[in-house]
Amino acid sequence: MDPTGGAAIIGDNCYIGPSCCLVERVKIGDNVTLGAGSIVTKDIPDNATAAGNYAKLLNYNNPGRYIVNPWEVN
């Protein structure tokens, strides 16, 4: 691991809410939803929903179900 930190690794089809902080080199899995204002200090596995300060896993059931208009990269 790089001792100077490094960038987070973000999977496909993720929703990262406003004002989230991804601390150093965390890995965000595919199909993950992060709630607004979350501070992520540990890896988040695929298909999870996490939120809070510090972010904790809330569930693995249908992440992103409340995201009505996701922003898409074309």
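Which loop is the place of Tyr54? The legends below take that up along with the other close-ups, all drawn from a predicted model.

**View 1. The cis peptide bond sits between Asn53 and Tyr54.** Tyr54 has its place in the loop between S7 and S8. If you check the backbone here, the bond running from Asn53 to Tyr54 comes out cis, and its omega is near -5 degrees. The strands on either side of this loop, S7 (residues 49–51) and S8, are themselves partners: they pair in the antiparallel sense over three bridges. So much for the loop; the strands get their own view next.

**View 2. Four strands make an open sheet with mixed pairing.** Read across, the order is S2-S5-S7-S8. The edges belong to strand S2 (15–16) and strand S8 (56–59), and each of these pairs on one side only. Zoom in on the S7 and S8 pair, with its three antiparallel bridges, and you'll find Ala50 standing opposite Leu57 in S8. A word on confidence while we're here: among the elements of the protein chain, S8 has the lowest mean pLDDT, at 90, while strand S6 (residues 39–40) has the highest, at 96.

**View 3. Thr33 is a buried residue in strand S5.** The strand itself covers residues 33–34. Thr33 counts as buried because its relative accessibility is 11%, under the 20% cut-off. Who does Thr33 touch? Leaving out residues up to four places away in sequence, the contacts are Tyr15, Ala48, Thr49, Ala50, Pro63 and Gly64. Ala50 is the residue that also turned up in View 2, opposite Leu57.

**View 4. Cysteines are present, but the disulfide count is zero.** Take Cys20: why is there no bond from its sulfur to the closest cysteine sulfur? That closest sulfur belongs to Cys21 and lies 7.5 Å away, which is too far for a bond; a disulfide would need the two sulfur atoms within 2.5 Å. Cys20 is buried, with a relative accessible area of 19%. Cys14, at 25% relative accessibility, counts as partly exposed.

**View 5. Ser19 and Asn31 both carry a positive phi without being glycine.** For Ser19, phi is near 65 degrees. Ser19 lies in the loop between S2 and strand S3 (21–22), and it counts as exposed because its relative accessibility is 64%. For Asn31, phi is near 60 degrees. Asn31 has its place in the loop between strand S4 (27–28) and S5. With a relative accessible area of 28%, Asn31 is partly exposed.

**View 6. The whole protein chain is built from eight strands and zero helices.** Starting at the N terminus, the elements run β-β-β-β-β-β-β-β. How many of the 74 residues count as buried, as a percentage? The figure is 20%. The protein chain exposes about 5300 Å², and carbon and sulfur atoms supply 50% of that. If you like contact statistics, take the contacts with a separation of 6 or more: residues 24 or more positions apart account for 4% of them. As for overall confidence, the protein chain averages a pLDDT of 85, and 80% of the residues score at least 70.

Key
Residues numbered from 1 in each chain as written. Predicted model: local features only at pLDDT ≥ 70, side-chain atom pairs only at ≥ 80, totals over all residues. Heavy atoms only, no water. Buried < 20%, exposed > 50% of the residue type's maximum accessible area, 1.4 Å probe, protein only. Contact = heavy atoms within 4.5 Å. Pairing = 2+ DSSP bridges. pLDDT = per-residue confidence, 0-100. Areas by Shrake-Rupley, 256 points an atom, 1.4 Å probe, with all protein chains shown as cover.
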